[in-house]
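Visitor: I am new to this structure and would welcome a guided tour of it. May we proceed by question and answer?

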Amino acid sequence: MMNGIIIIDKETGFTSHDVVAKMRGICGQRKIGHTGTLDPLATGVLPVCLGSATKLCDMLADRDKEYETELLLGTETDTQDITGQILARYPVDISEDRVKDAVFSFAGEYLQVPPMYSALKVGGKKLYELARAGKEVERKARPVQIYELEILEYRLPVVRMRVACSKGTYIRTLCADIGQKLGCGGTMQSLRRTRVGGFSLEDACTLGQLQQWKDESRPDQASANSSGPPGTGAAPASLPRVLHPVDSVFMDCPSLRVREEACRLLDNGNAIAPEQTAEGEVHEAGRWVRMYRTDGSFVGIYAWEPDRKWYRPVKMFLEKE
């Protein structure tokens, strides 16, 4: 079983669940998960976690993100993107300066009301399920952070933008909010995610490329993949070249290696004392460290507890065959 992260450049028309289903067939294993939903309209960076890396799914979903999007002014839809039903159309007779002022006014923190067509739950029901049933419920505004806003192209009624933002930001809602501020309405025409945390489009490959690499594998590997129930065959030997190791997500954390006699404690998820590490110490309260066995294999993330004078496990990534 492979353990790690493959960065997929998702194509339009695929849901995140579609990507996972296809990856199970290509990689020959069931234990695969995605790191946050991309709508079928959207394209771009979708980290997919395999094996022990599936424990990263929530952690990667919480990372900052970056997008390129097209805002179509003069149109309002029920989904806040062009896939929805058109609710209203308005003339767009606005100066470039007015558009710039409206766009840049959303830089920094602002309170955003989640769209009805979203996977958020209210009273145990997903909002999009309620919306499809013709129901609209009150949603509380949530603070989101827009770190960077850049207008890449201005060709009314379309404005192409780059947005760097915090987790939980809906770009289509940002587009609708900009249109509302301008008084002409707005909807999202396209969306491409260019970065999730430290992963960008430069790290990504398409499902088609993965399938091609699988097809180019040796005949004995190909037959192994085609035999038995879906998702149970051997993985193509070529895939590890695009597989990012689990610890690559935590490269901003210092690393520690345990002594040989402490490896058993590490493998059992026990706390580790400073004297049980082979080099260096990190004594900043709560600071995460990457913990490795003597052979250099990554085991998990630990944090220093000054009261007990030990490193306690935060998240373990023990790899199993």
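Guide: Let us begin with one residue in this predicted model. Val-137 touches Met-116, Val-122, Leu-127 and Leu-130, leaving aside residues up to four places away in sequence.

Visitor: Is Val-137 buried, partly exposed or exposed?

Guide: Val-137 is placed in the loop between α4 (127–132) and β10. Buried requires under 20% relative accessible area and exposed requires over 50%. At 24% relative accessibility, Val-137 therefore counts as partly exposed.

Visitor: How far apart in space are Val-137 and Glu-70?

Guide: In sequence, Val-137 and Glu-70 are 67 residues apart. From C-alpha to C-alpha, their separation in space is 28 Å.

Visitor: Turning to the whole chain, how many helices and strands does it have?

Guide: The C-alpha trace spans about 75 × 55 × 40 Å along its principal axes. Of the 321 residues, 47% count as buried. Among contacts between residues at least 6 apart in sequence, 67% join residues at least 24 apart. As for its elements, the chain has eight helices and 17 strands.

Visitor: How many residues of strand β1 are buried?

Guide: Strand β1 covers residues 4–10. Gly-4, Ile-6, Ile-8 and Lys-10 point one way from the strand, Ile-5, Ile-7 and Asp-9 point the other way, and all are buried. The strand is therefore largely enclosed by the rest of the structure, the count of buried residues being seven of the seven.

Visitor: Which residue in β3 stands opposite Ile-5?

Guide: Strand β3 (residues 43–50) pairs with β1 in the antiparallel sense, over seven bridges. Opposite Ile-5, in β3, stands Cys-49.

Visitor: What is the relative accessible area of Leu-46?

Guide: Leu-46 lies in strand β3. Beyond residues up to four places away in sequence, Leu-46 touches ten neighbours' worth of surroundings that include Ile-6, Ile-7, Ile-8, Val-19 and Arg-193. Leu-46 is buried, and its relative accessible area is 0%.

Visitor: How are helices α1 and α6 oriented to each other?

Guide: Helix α1 (residues 16–27) and helix α6 (residues 207–215) pack with their axes 10 Å apart, at an angle of about 10 degrees. Angles under 35 degrees count as roughly parallel. The two helices, α1 and α6, are therefore roughly parallel.

Visitor: How many nonpolar, polar and charged residues make the contact of α1 with α6?

Guide: From α1 the contact draws on Val-19, Lys-22, Met-23, Gly-25 and Ile-26, and from α6 on Leu-207, Leu-210, Gln-211 and Lys-214. By class, these are five nonpolar, two polar and two charged residues.

Visitor: Within what arc do the buried residues of α6 fall?

Guide: The buried residues of α6 are Leu-207, Leu-210, Trp-213 and Lys-214. An α-helix has 3.6 residues a turn, so residues three or four places apart point the same way. Seen down the axis of α6, the buried residues line one face of the helix, because they fall within an arc of 125 degrees.

Visitor: Which strands stand at the edges of the open sheet that contains β15 and β16?

Guide: This open sheet of four strands has mixed pairing and the order β14-β15-β16-β17. Each edge strand has a single partner, so one side of it is left without a neighbour in the sheet. The edges are β14 (255–257) and β17 (310–316).

Visitor: Which residue in β16 is the bridge partner of Arg-290?

Guide: Strand β15 (residues 288–292) and strand β16 (residues 298–305) pair in the antiparallel sense over five bridges. The bridge partner of Arg-290 in β16 is Ile-301.

Visitor: Where is Pro-157 found, and what is omega for the cis peptide bond that joins Leu-156 and Pro-157?

Guide: Most peptide bonds are trans. Pro-157 is found in the loop between β10 (142–155) and β11 (158–165). For the cis bond joining Leu-156 and Pro-157, omega is about 5 degrees.

Visitor: Is Lys-309 buried or exposed?

Guide: Lys-309 is placed in the loop between β16 and β17. Its phi is near 55 degrees, a positive value in a residue other than glycine. At 57% relative accessibility, Lys-309 counts as exposed.

Key
Residues numbered from 1 in each chain as written. Predicted model: local features only at pLDDT ≥ 70, side-chain atom pairs only at ≥ 80, totals over all residues. Heavy atoms only, no water. Pairing = 2+ DSSP bridges. Axes fitted to C-alpha atoms, helices over the stretch in contact; angles between N-to-C directions. Parallel < 35°, antiparallel > 145°, perpendicular 65-115°, else oblique. Contact = heavy atoms within 4.5 Å. Nonpolar A, V, L, I, M, F, W, Y, C, P; charged D, E, K, R; others polar. Buried < 20%, exposed > 50% of the residue type's maximum accessible area, 1.4 Å probe, protein only. Arc of directions from axis to C-beta.
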